[in-house]
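Welcome! Please open your viewer, switch to a cartoon view, and get ready to select a few things with me.

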Amino acid sequence: MKRKTAFIHSNDYLNYNFNDDHPFNQKRIAMTIDLLRMMNLLEDGDFVAPRMAEDDELALIHDRQYIEVVKEAGHSEQTPAIAASFGIGTEDCPAFVNMHEATALAVGGTLRAAELVMSGEYQHAVNLAGGLHHGFRGRASGFCIYNDCSVAIAYLRQKYDARVLYIDTDAHHGDGVQWAFYDDPNVLTLSFHETGKYLFPGTGNITERGDGQGYGFSVNVPLDAFTEDDSWLETYYKVLPTVARGFKPDIILTQNGCDAHTFDPLTHLSTTMRIYQEIPRLARDLADELCDGRLIATGGGGYDIWRVVPRAWSLLWAELSGQVVPQDTRIPQAWIDKYQTESPVQLAPTMFDPEGIFPAIPRRQEITTKNKNTVEKALLYCPKG
């Protein structure tokens, strides 16, 4: 049965654009919308416009001086010299025109999602422009200027006194969100990511468990490089229900980066499209069980914008809106015809990756054993249900 789920979107989301050569490319949102429309999974009535985050809302997480530097950098012909000390003007986070406005709109989209879900107007809300989980209090990092996830969680705490479960399945550790709430027992951050031994930002070890009253409320599951579907999902299904039931949230906020796929050019995990149906399905079921269905989903990483992101985020929307995508579903030919001439790679013809399309990883058993051991250690000190 179709659920009442809001799709937060504005065409202005595409203004979050570092440069034409940058791997973070929001064209993927437009491609996802086109795919959903052509599959008859998204209707005009599903759309809700975002709003602009106000400075006072951004300041729930970000330093006022940092906000002013972001504004200045986005309205200057040359990046101000001071910007470098705030992480702006780097290779990862170059300044771009109207940087503050573009990012504040993405943050406002997640805030709008929070308002819709907490009011009961919608069960779920999806903001694909969000998921900017690397932004820090006073520093841009990892393609993220402001951190919409952290701002939305702080907003949920301040306005609704809500206990928030944050679930991050991006291949990169959700560092900015973790550190923002590291000592808060009312926010549990749970991150499934590739081990920082090989990948930015190098954090997310199982020993990062929180501080003070927040000890045990930061849970990290660093997965070994080249982890495949079975081990990834075994880990997810072992940890998430245990932690969620022990914490008993009022609302769940998820970050749905889809860079764990084997096609992703920036990471070293080896999953297929299968996990991107399972990830939102379990999160949705736990929201139904524990917090009257209240769930906010954001986007995140994902750097194969042609073969991975549109399919993964279409599955995210389908699961949260209660629509079925069968395993044998084919990509509409009209969508392939529209984007194949632009794509540097052959577009996938089906929503799911056929079995056997990727070679088996020689270290499969070793990787699986390592991940099992990681799960045992990750669950030692966290709330358990």
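In what order do the eight strands of the open sheet lie? One note before we look: this is a predicted model.

**Stop 1: the sheet**

Colour the strands and read across them: β2-β1-β3-β8-β7-β4-β5-β6. The eight strands make an open sheet with parallel pairing. If sheets are new to you, strands pair through backbone hydrogen bonds, either parallel or antiparallel.

Now select residues 47-48, which are β2, and 218-223, which are β6. These two strands stand at the edges of the sheet. Each has a single partner strand, so one side of each has no neighbour in the sheet.

Next, pick out β4 (residues 164-168) and β5 (residues 187-194). Five bridges link this parallel pair. To look at one match, click V164: its bridge partner in β5 is V187.

**Stop 2: a residue in a helix**

Select residues 309-320 to light up helix α9, then click L315 within this helix. Is L315 buried or exposed? L315 is buried, with a relative accessible area of 0%.

What does L315 touch, apart from neighbours within four places in sequence? Show the side chains of M273, Y276, Q277, P280, V325, M351 and F352, and you will have its contacts on screen.

For a longer view, draw a distance between the C-alpha atoms of L315 and Y122: they are 19 Å apart, while 193 residues separate the two along the chain.

**Stop 3: the cysteines**

Show C144, C93 and C149 as sticks. A disulfide is a covalent bond between the sulfur atoms of two cysteines. How many disulfides does the count give here? The count is zero.

Why is C144 not bonded to C93? The closest cysteine sulfur to that of C144 is the one in C93, and at 6.9 Å the two are too far apart for a bond. C149 is in no disulfide either; its nearest cysteine sulfur belongs to C144, 8.6 Å away.

Turn on the surface and look for these residues. C144 is buried at 3% relative accessible area, and C149 is buried too, at 0% relative accessibility.

**Stop 4: a surface patch**

Keep the surface on and select Y215, L380 and Y381. Together they form a nonpolar patch on the surface, with about 330 Å² of accessible area. Zoom in on Y381, found in the segment after α11 (364-378). Y381 counts as partly exposed, with a relative accessibility of 46%.

Terms used: Residues numbered from 1 in each chain as written. Predicted model: local features only at pLDDT ≥ 70, side-chain atom pairs only at ≥ 80, totals over all residues. Heavy atoms only, no water. Disulfide = S-S within 2.5 Å. Buried < 20%, exposed > 50% of the residue type's maximum accessible area, 1.4 Å probe, protein only. Patch = residues over 30% accessible without salt bridge, like charges linked within 9 Å, V, L, I, M, F, W, Y side chains within 5 Å. Areas by Shrake-Rupley, 256 points an atom, 1.4 Å probe, with all protein chains shown as cover. Salt bridge = Lys/Arg side-chain N within 4 Å of Asp/Glu carboxyl O. Helix = DSSP H or I, 4+ residues; strand = E, 2+ residues; numbered from the N terminus. Contact = heavy atoms within 4.5 Å. Pairing = 2+ DSSP bridges.
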